[in-house]
Amino acid sequence: MYDDLMKRLGNEYHLVAPDYPGFGNSDAPSRDYTYTFDHLAETVIKLTDTLKLDRYVLFMQDYGAPIGMRVAMERPQSVMGTIFQNGNIYEEGLGPMWEKRKAFWNNHDDFQAEVVKQQQSLAVTRARHLGTDPNIEAYNPDLWMDEYAYLNRPGQDQIQSDLILDYQNNIAAYPTWQNWLRAHKPSTLVMWGKYDPAFTVAGADAFKKDLPEADIHILDAGHFAMDTKLDEVASFTRAYMARRPQ
């Protein structure tokens, strides 16, 4: 996902884009690794310690937002700024699909098979990228075919189920993270694909409540804005980094 952005900005900045355990090219440890957002954040913090990264801007998308905000809470002295790309931390930004997730949270055993089947299906994986974007020809089908292949590796059904179940704890933590933003006032860039049915534009606008100076851009893009609007994301990110307080 970040490959092309890193090619655009890699000569100017030191960029690190880890795949979380169980995702992408990272190992998917067996059940002795607890798949919660708390644990993923602990792993990311250990990675930053290993790489001796003590000052950084957090670029957060989707699951990256709850993981990144945990990192920020744990290491506030390290966070030089925050970038959110359809990385939601406001209830206003939760789309209708989350009502189905609430049913799963309330009745895990009855809904687990259905929720995991949908999460790993080709149709839903494709829809995660396209959302409601009418310009579907702008998308490379490899985007969702690669994700679909990763999501259907052995053991992924339980990993995805564990994280979807744990996501309710992210929503419960939204007020705490919002308080952190108000208290620390990090220089913040928000880029939001407006065709995302999971995290709506209201989630982008909500940042103004806590960060009135936040730089917010609504893009003609989906959940993964860099699928189709890489130039805009790179341009906004470069401009943000150039003016960010040192």
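Tutor: First, one definition: a residue counts as buried under 20% relative accessible area, as exposed over 50%, and as partly exposed in between. Also keep in mind that this is a predicted model.

Student: Okay, then is Asn-86 buried or exposed?
Tutor: Asn-86 is in the loop between E2 and helix H4 (97–106). Its relative accessible area comes to 0%. The cut-off is under 20%, so Asn-86 counts as buried.

Student: And what is phi of Asn-86 near?
Tutor: Asn-86 is a residue other than glycine, yet its phi is positive. The value is near 50 degrees.

Student: Lys-52 has a positive phi too, so where does Lys-52 sit, and is it buried or exposed?
Tutor: Phi of Lys-52 is near 55 degrees, again in a residue other than glycine. Its place is in the loop between H2 and E1. Relative accessibility there is 70%, and over 50% is the cut-off, so Lys-52 is exposed.

Student: Let's do the sheet. In which order do the four strands come?
Tutor: The four strands make an open sheet, and their pairing is parallel. Neighbouring strands are turned against each other by 15 degrees on average, ignoring direction. Reading across the sheet, the order is E1-E2-E3-E4.

Student: Which strands stand at the edges?
Tutor: Look for strands with a single partner, because one side of such a strand is left without a neighbour in the sheet. That fits residues 56–60 and residues 215–219. Those strands are E1 and E4.

Student: How many bridges join E1 to E2, and which residue is the bridge partner of Phe-59?
Tutor: E1 and E2 run parallel and are joined by five bridges. Within E2, the partner of Phe-59 is Ile-83.

Student: What handedness does the crossover from E1 to E2 have?
Tutor: The chain leaves E1, passes through H3 and arrives in E2, which makes a β-α-β crossover. H3 (residues 64–74) lies across E1 and strand E2 (79–85), at about 155 degrees to E1. The crossover is right-handed.

Student: How many residues of E2 are buried?
Tutor: E2 has seven residues and is mostly covered. The buried count is six.

Student: Which residue in E3 stands opposite Gln-85?
Tutor: Here we step from E2 to E3, which run parallel with four bridges between them. Opposite Gln-85 stands Met-191.

Student: And which residue in E4 stands opposite Val-190?
Tutor: Strand E3 covers residues 188–193, and five bridges join it to E4, with the two running parallel. The residue opposite Val-190 is Ile-216.

Student: Back to H3: which elements are included in what covers its buried residues?
Tutor: H3 is mostly covered, with nine of its eleven residues buried. Among the buried ones are Gly-64, Ile-67, Met-69 and Val-71. What covers them includes helix H2 (37–50), E1, E2 and H8.

Student: So how does Met-73 count at 34% relative accessibility?
Tutor: Met-73 lies in helix H3. A value of 34% falls between the 20% and 50% cut-offs, so Met-73 counts as partly exposed.

Student: Which residues is Met-73 in contact with, leaving aside its neighbours within four places in sequence?
Tutor: The C-alpha atoms of Met-73 and Thr-176 are separated by 9.2 Å, although the two residues are 103 apart along the chain. Thr-176 has its place in helix H8. The contacts of Met-73 are Thr-176, Trp-177 and Trp-180.

Student: What distance separates the C-alpha atoms of Thr-176 and Ile-89?
Tutor: Thr-176 is partly exposed, at 39% relative accessibility. Ile-89 is 87 residues away from Thr-176 along the chain. Their C-alpha atoms are separated by 9.8 Å.

Student: Last one: which side chain makes a polar contact with the side chain of Ser-161?
Tutor: Ser-161 lies in helix H8 (residues 156–184) and is buried, at a relative accessible area of 1%. Beyond its neighbours within four places in sequence, it is in contact with residues including Phe-104, His-108 and Val-116. The polar contact has a distance of 3.0 Å, and the partner side chain belongs to Gln-112.

Technical notes
Residues are numbered from 1 along each chain as its sequence is written. This is a predicted model: local features need pLDDT of at least 70, side-chain atom pairs count only at pLDDT 80 or more; totals for chains, interfaces and linings use all residues. Side-chain values use heavy atoms; hydrogens and water are left out. Two strands pair if DSSP finds at least two bridges between them. Axes are lines fitted to C-alpha atoms, for helices over the stretch in contact, and angles run from 0 to 180 degrees between N-to-C directions. Contact means heavy atoms within 4.5 Å. Buried means under 20% relative accessible area, exposed over 50%, partly exposed in between (1.4 Å probe, protein chains only). A polar contact is a pair of N or O atoms within 3.5 Å; within protein, one must be able to donate a hydrogen and the other to accept it, and residues adjacent in sequence count only if both atoms are side-chain atoms. A crossover is right-handed if, with the strands pointing away from the viewer, the path from the first strand over the helix to the second runs clockwise.
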